[in-house]
Amino acid sequence: MIFMRSILFNLLFYVQLIVLLVGGSPCLIFGRHAVQNIARLWARNSIWLLDKICGAKLEFRGVEHLPQGACIIASKHQSFLETFSLTTQAPDFSFVLKRELMVIPFFGWYLKRGGLIGIDRSKRGTALTQLTPQVRALLAQDRQFIIFPEGTRRPVGAPPHYKSGVAHLYLETGAICIPVALNTGLFWPRRSFWRRPGRIVIEFLEPIPPGFDKETFMRLLQTRIETATDRLVAEACLEEPALRAAMPAGQSISPA
């Protein structure tokens, strides 16, 4: 049943994306907020489908930690799920992405009009130089910048691999940083079409205020995210022991 439900979900997930991209194209005329509303509609529909078809219910915790104004949201990254679901909680969000994505018909148009930041990743040495002034500008508009400090999706239980880019932005912008922990990879694994049932949790943690040095900030960020993520993964596996089968071979979880 999980196999068949996963196929049905994935089919509807992408069909509704295509329908919204084409049907919502008039919103491109109206700018960022209209495009963000389309993105949130897609996200909320997808979360609803995940619940009704796959029996995977998404719960947000710690939303009281998330300000309505400017902040850096630094999230653990295990799945594609958090990429779009975080948009439902941030009132005026932005991400960073490869500039090449912005030339894709329809999809790229939405990215550009939605106020996302495209950078040339082939120029690795200047990526932060490209990014910093744009992040500073959007924060000055009371927007929220969402970043995944590890850069790419990591399997559940994999050793953390945090990069210093988030610390650079924290120091250069003087913004408050909201760490985010989650257990999404148990239910929506990377590079897999499987969608497993259970209670998915994305948790906003205690904010890190501006003023810390780079080393202290990175230590606080990683400790808070990894400790809470281990707790959420252990909690999910306790509720649904079958989820342990989703753990990659040789990897383990800390007890709750």
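**View 1. Arg-191, in the loop between β7 and β8 of this predicted model.** Arg-191 has a positive phi of about 55°, even though it isn't a glycine. Its relative accessible area is 69%, so Arg-191 counts as exposed. Now look at a second residue of this kind, Asp-142, which sits in the loop between α5 and β6. Asp-142 is not a glycine either, and its phi is positive at about 65°. Is Asp-142 exposed, partly exposed or buried? With a relative accessible area of 47%, Asp-142 is partly exposed.

**View 2. The open sheet, strand by strand.** Six strands make up this sheet, and reading across it the order is β1-β8-β7-β2-β6-β3. The pairing is mixed. Which strands sit at the edges? They are β1 (56-61) and β3 (93-94), each of which pairs on one side only. As a reminder, strands of a sheet pair through backbone hydrogen bonds, in either the parallel or the antiparallel sense. At the β1 end, β1 and β8 run parallel and are joined by 6 bridges. One residue to pick out here is Arg-61, whose bridge partner in β8 is Glu-203.

**View 3. Strand β7 and its two neighbours.** Strand β7 covers residues 177-182. To one neighbour, β2 (residues 71-75), β7 pairs in the parallel sense over 4 bridges. Find Ala-74 and you can follow the pairing to Pro-179, its bridge partner in β7. The other neighbour to look at is β8 (residues 198-204), which runs antiparallel to β7 and is joined to it by 3 bridges. Here Ala-181 has Glu-203 of β8 as its bridge partner. Glu-203 turns up again as the β8 bridge partner of Arg-61.

**View 4. Both faces of β7 under cover.** How many of the residues of β7 are buried? The count is 6 of 6, so to speak a strand that is mostly covered. In a regular strand, side chains alternate between the two faces of the sheet. On one side of β7 you'll see Cys-177, Pro-179 and Ala-181, and on the other Ile-178, Val-180 and Leu-182, all of them buried.

**View 5. Two helices lying across the sheet strands.** Helix α2 (residues 32-54) lies across β1, β3 and β8. Relative to β1, α2 runs at about 130°. Which strands does helix α5 (residues 127-140) lie across? They are β2, β3 and β6 (144-147), and α5 runs at about 140° to β6.

**View 6. Arg-61 and its salt bridges.** Searching the whole structure turns up 13 salt bridges. Arg-61 takes part in one with Glu-59, where the side chains meet at 2.9 Å, N to O. Arg-61 is buried, at 19% relative accessible area, while Glu-59 counts as partly exposed at 26% relative accessibility. Glu-235 also meets Arg-61 in a salt bridge, at 2.6 Å, N to O. That pair links distant parts of the chain: Glu-235 belongs to helix α7 (residues 214-239) and Arg-61 to strand β1, 174 residues apart. Glu-235 and Arg-61 are both buried. Step back a little and you get a network of salt bridges linking Glu-59, Arg-61, Arg-199, Glu-235 and Glu-239.

**View 7. A buried salt bridge between two loops, Arg-143 with Asp-92.** The closest N and O atoms of Arg-143 and Asp-92 are 3.2 Å apart. Arg-143 lies in the loop between α5 and β6 and Asp-92 in the loop between α3 (81-85) and β3, so this pair ties together parts that are 51 residues apart in sequence. Are these two residues buried or exposed? Both Arg-143 and Asp-92 are buried.

**View 8. A nonpolar patch on the surface.** Which residues make this patch of about 530 Å²? They are Ile-2, Phe-3, Met-4, Ile-7, Phe-193 and Trp-194. Ile-2 is in helix α1 (residues 2-23), and at 37% relative accessibility Ile-2 counts as partly exposed.

Terms used:
Residues are numbered from 1 along each chain as its sequence is written. This is a predicted model: local features need pLDDT of at least 70, side-chain atom pairs count only at pLDDT 80 or more; totals for chains, interfaces and linings use all residues. Side-chain values use heavy atoms; hydrogens and water are left out. Patches are made of residues with over 30% relative accessible area and no salt bridge: like charges are joined within 9 Å, nonpolar side chains (Val, Leu, Ile, Met, Phe, Trp, Tyr) within 5 Å. Accessible areas come from the Shrake-Rupley method with a 1.4 Å probe; for residues, only the protein chains shown count as cover. A salt bridge is a side-chain nitrogen of Lys or Arg within 4 Å of a carboxyl oxygen of Asp or Glu. Buried means under 20% relative accessible area, exposed over 50%, partly exposed in between (1.4 Å probe, protein chains only). Two strands pair if DSSP finds at least two bridges between them. Contact means heavy atoms within 4.5 Å. Axes are lines fitted to C-alpha atoms, for helices over the stretch in contact, and angles run from 0 to 180 degrees between N-to-C directions.
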